[in-house]
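Trainee: Please take me through the helix packing and the nonpolar core of this model. I would like one connected account.

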Amino acid sequence: MTAENDDNSDITLRLMDLGDIDDFMVWATDDKVSQFCTWKTCTSKEEAMTYMINSVIPHPWMRAICLKNRAIGYIMLTAFEGNDACRCEVGYVLASKYWGKGIATRALKMVASTVFCEWTHLERLDAWVDQDNLGSQRVLVKAGFQKEGVLRKYMLIKGKPRDMVVFSLLSTDPHVN
Amino acid sequence: MQPKSKDILNDEDDYSDISLRLMDVNDIDDFMVWATDDKVSRYCTWSTYTSKEQAMDFFTNIVAPHPWLRAICLRNRAIGSISVTPFEGSDACRGELGYVLASKYWGKGIVTRAVKKVASVIFAEWPHLERLEALVDVDNAGSQRVLQKAGFQREGVLRKYVIQKGRTRDMVIFSLLSSEITQS
């Protein structure tokens with residue numbers, strides 16, 4: 001599959017299924033992609049399938065990011081309960097070949113523009129990004145998220161405590177379209 | 001005949017005898033002093049207690065099984081509590097600090113001392129812990145001062161982060177790292 005122009009209008013979101021496994025493998029086996037994620041690079045199709053079946057597909061809200069209907073990544077939302085029900089965490093993964101083209105930004109804007117309408121109790125979308133993951137920080141800024149601070153030694157990624165930058169978008173923030 | 005008094009202080013303004021110890025059901029009357037106080041519960045997710053039965057539930061379901069919770073004591077009588085709640089998995093390097101103090105004792109540096117005591121022991125007790133954090137309502141200036149005086153760093157404001165008493169609140173996040181602990 002080639003992307004001969006930087007045309008983001010063919011970006012769509014849909015449910016992911018086992019039929020996407022070969023496309024899933026493209027990013028799941030890429031160290032560049034997993035570097036700032038909690039999951040480890042998959043080294044075999046079996047490992048990728050296990051990860052896809054156990055962790056990705058069952059996630060309560062998850063969509064494949066598609067270019068011309070082929071999966072090139074995914075975006076997911078994690079909702080909370082009780083006193084934390086006003087917020088939802090967003091995470092995304094994109095095959096490295098498609099970095100730098102505004103695709104993740106577009107997917108994020110698409111999700112942000114619908115999730116506040118669909119979940120009326122939701123007031124805040126947030127994202128936690130490794131301090132060294134500049135590309136992902138740019139995605140969030142371009143999508144209209146506000147940087148709130150750096151949380152020091154906040155979580156373990158590949159066994160090391162990492163400083164994480166926290167970003168948020170409120171239902172009341174201007175939505176960049 | 002000496003009048004019976006629940007007052008711990010007996011006219012002395014001496015707040016030097018502050019200690020931390022395990023809390024148990026025998027502290028329930030002292031617990032009720034702060035748990036029934038609207039000023040105390042104002043910025044907390046819990047609502048002011050209205051009965052001793054509720055307090056018993058708290059002791060059974062929260063205090064007894066808690067991984068790390070201590071009564072803050074003045075001359076061995078509980079005037080508040082302080083706790084560290086650990087996280088799991090990728091979040092295991094951090095723990096959340098929480099504390100509550102009867103309003104009569106506010107403004108005397110007691111909680112600051114209790115926080116410093118906790119900070120001086122918790123990282124040694126839990127070697128995997130790298131970060132102690134606390135989230136404070138943006139309007140709770142007193143509690144923010146406690147953390148600042150105890151050496152915590154203010155990292156930012158998490159907007160509309162939690163629901164408290166039916167309203168979404170901005171929370172200030174503070175942290176103290178194990179690498180920042182000095183013997184004091």
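Mentor: I begin with one helix pair and move on to the core. This is a predicted model, where local features need pLDDT of at least 70, side-chain atom pairs count only at pLDDT 80 or more, and totals for chains, interfaces and linings use all residues. Residues are numbered from 1 along each chain as written, chains are lettered from A in the order written, and side-chain values use heavy atoms, without hydrogens and water.

Two packed helices are described by the angle and the distance between their axes. In chain A, take helix H1 (residues 21-28) and helix H3 (residues 45-56). Helices here are DSSP runs of H or I, at least four residues, strands are E runs of at least two, and both are numbered from the N terminus. The two axes come within 10 Å and cross at roughly 100 degrees. Axes are lines fitted to C-alpha atoms, for helices over the stretch in contact, and angles run from 0 to 180 degrees between N-to-C directions. H1(A) and H3(A) are therefore roughly perpendicular (65 to 115 degrees). H1(A) contributes A:Ile21, A:Asp22, A:Phe24 and A:Met25 to the contact (heavy atoms within 4.5 Å). From H3(A) come A:Lys45, A:Ala48, A:Met49, A:Tyr51, A:Met52 and A:Val56. By class, that contact has eight nonpolar, no polar and two charged residues. Nonpolar covers Ala, Val, Leu, Ile, Met, Phe, Trp, Tyr, Cys and Pro; charged covers Asp, Glu, Lys and Arg; the others, Gly among them, are polar.

Now the core. A:Phe24 appears again here: in the largest nonpolar core, of 52 residues, A:Phe24 is among those that touch the most other members. The others are A:Met16, A:Trp27, A:Tyr74, A:Leu108, A:Leu125 and A:Phe145. Such a core is a set of buried Ala, Val, Leu, Ile, Met, Phe, Trp, Tyr and Cys residues joined through side-chain atoms within 4.5 Å. Buried means under 20% relative accessible area, with a 1.4 Å probe and protein chains only. Helix H4 (residues 103-118) of chain A supplies the largest share of this core, eight residues. A:Phe145 touches A:Val90, A:Leu108, A:Leu125, A:Leu140, A:Phe167, A:Ser168 and A:Leu169, leaving out residues up to four places away in sequence. Another core, of 50 residues, lies apart from the largest one, and includes B:Val84, B:Ala102, B:Ala134 and B:Val146.

Chain B has a helix pair to set beside the one above. Helix H1 (residues 28-35) and helix H3 (residues 52-63) of chain B pack at about 110 degrees, with axes 10 Å apart. That makes H1(B) roughly perpendicular to H3(B).

Key. Parallel < 35°, antiparallel > 145°, perpendicular 65-115°, else oblique.
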